[in-house]
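Student: I'd like to take a close look at one part of this model, the place where the two chains meet. Could you walk me through it?

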Protein chains: 2
Amino acid sequence: MDGDVTKQRVLESAGKTFAEKGYESATVREICDGAGANIAAVNYYFGDKQSLYLAACVEAQCAREGAIPMPQWQPDTPATERLADFVRTLLRRLLEDERPAWHRQLMLREMASPTEACAHVVEDYIRPMSMVLKGIIEELLPEGTSEVDGFLVGFSIVSQCLFYHVNQPIASRLMGTEEYNRLTIDRLVAHITRFSLAALGYVEPLAKPSRAAQVASR
Amino acid sequence: MDGDVTKQRVLESAGKTFAEKGYESATVREICDGAGANIAAVNYYFGDKQSLYLAACVEAQCAREGAIPMPQWQPDTPATERLADFVRTLLRRLLEDERPAWHRQLMLREMASPTEACAHVVEDYIRPMSMVLKGIIEELLPEGTSEVDGFLVGFSIVSQCLFYHVNQPIASRLMGTEEYNRLTIDRLVAHITRFSLAALGYVEPLAKPSRAAQVASR
DNA sequence: AGCATATTCAAACGTTTGTTTGAAGTCAAG
DNA sequence: CTTGACTTCAAACAAACGTTTGAATATGCT
């Protein structure tokens, strides 16, 4: 009874193909070929193409969350350190070349043009991360900061991480493929946390302009 | 001889439809229906679907660039002010509800999953903006800063702008639709420039932690 | 072994896709 | 009015799509 193994192979091939080509361009025949299965396997195991797509989405997000969990901090861990850990976790989830490299592509595609079927990805996957970041930011910002300003700071931090995920091809072409490929996750974590913590005033700014330039910019 | 007007109508309908549905899902029948033209109009004026898509991309980027040009600065304009202008121009190009609202969607789709046909969008559209930003950043950062570090800072700034474009549905759902819709472009410009200039040390940081917290975070 | 269930397979189904065709229509110049 | 180039149209094209079918094969149980 090797039915379950073919089902799994189809699911994996589906995720890979959907991520690469998108929902419409990926054909059932191509998926089944990639899985070494018959065309009817999709109908037999998943019903139809759309259900297969949904299953691939769920699989991707579960695998991703399990593979790179949020760290469990000690109660006395300073917020600055937790921010660095958060950035690292997010970047790893987005960029790391895990065994199934298509997970991130598939999730990205959903973010760019959200299918109604996968709308709950936000609630199940994004919201929890958002709450963690919110806790960190509230501790870093002065009391009495409005909720909107908190969100804006959160967006500023998260967006820097998402950039290297969404605009990988563009960024790569812009700064040169060689140079771009030398950017390790550690390097990005260091830059983003330093940039953000400097903006909040917790580390030295990246530049130290003369007092004159500082005044002129007001 | 109203041939050119139908061609234009097809082009506009194509842009709208491609942006809304994506390349594969948008059918030439739907596009021609939207333009009130016959199905053969695509072949007659553009050759085939792919050429029509390319034409729509070019049209979108030209219209966008012409509608919201980069400001021409006086030679003595300080870099901090130019950065604010740059952020505003970029945000307006990305977010402003211009008459043809589909331009940005189409360009976004290309960035998310670049077609080989539209690869030169990077060279023609992104590269010039990148050079402008590079000039600003080089003036803000201390001399001797490596080119890679310059790119990283540029990415940090641009990514904050792109975020509200790419992840509009997610951000909206996250902070609540009401609150999100109250975010004006001016508000975003103010936040992003302040956050970035604070990171570089040109304005006061968003938070002023106690000396103790600052030391503890090292 | 023999039966029953689960899985695989090749073939065909009806639709829809992008594209092509050739005739019909439009309009200005001779 | 006739000509000729330009534009529109309905109809049809082959190809590819997702899906279904029914028989063939494998597997597990008594």
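Tutor: Happy to. A good place to begin is with the polar side of the contact: in this predicted model, 17 residue pairs, both at pLDDT 80 or more, are in polar contact across the interface of chain B and chain A. On the chain B side, the elements that each supply at least two residues touching chain A are α6 (102–112), α7 (120–140), α8 (147–166), α9 (168–175), α11 (185–200) and α12 (211–216). Of these, α8(B) gives the most, with 15 residues.

Salt bridges take part as well, and there are 2 of them across the interface of chain B and chain A. A:R187 forms a salt bridge with B:D149, and the closest N and O atoms of that pair are 3.2 Å apart.

Now for the overall extent. The contact draws 62 residues from chain A and 62 residues from chain B. About 5600 Å² is buried between the two chains, and carbon and sulfur atoms give 69% of that area. In chain B, the residues that lose the most area to chain A are B:F155, B:L174 and B:F195, which together make up 12% of what that side buries.

Let's zoom in on a phenylalanine of the other chain. A:F195 sits in helix α11 of chain A, which covers residues 185–200. Its relative accessible area is 0%, under the 20% cut-off, so A:F195 counts as buried. Leaving out residues up to four places away in sequence, A:F195 touches A:Q160 and A:L206, and from the partner chain B:V153, B:S156, B:I157, B:Q160, B:F195, B:S196 and B:A199. Within chain A, A:F195 and A:I157 are 38 residues apart in sequence, while their C-alpha atoms are 9.0 Å apart in space.

The nonpolar core is worth a look too. The largest one has 95 residues, and the members that touch the most others are A:L91, A:Y164, B:L91 and B:Y164. Setting aside neighbours within four places in sequence, A:L91 is in contact with A:E96, A:C161, A:I185, A:L188, A:V189 and A:I192.

Finally, a word on the cysteines. B:C161 has 1% relative accessibility, which is why this residue counts as buried. A:C57 is also classed as buried, because its relative accessibility is 7%. As for disulfides, the count over all chains is 0.

Notes. Residues numbered from 1 in each chain as written. Chains lettered and ligands numbered in written order. Predicted model: local features only at pLDDT ≥ 70, side-chain atom pairs only at ≥ 80, totals over all residues. Heavy atoms only, no water. Disulfide = S-S within 2.5 Å. Buried < 20%, exposed > 50% of the residue type's maximum accessible area, 1.4 Å probe, protein only. Core = buried A, V, L, I, M, F, W, Y, C linked by side-chain atoms within 4.5 Å. Contact = heavy atoms within 4.5 Å. Buried area = accessible area lost by both parts, 1.4 Å probe. Salt bridge = Lys/Arg side-chain N within 4 Å of Asp/Glu carboxyl O. Polar contact = N/O pair within 3.5 Å; in protein donor to acceptor, adjacent residues only side chain to side chain. Helix = DSSP H or I, 4+ residues; strand = E, 2+ residues; numbered from the N terminus.
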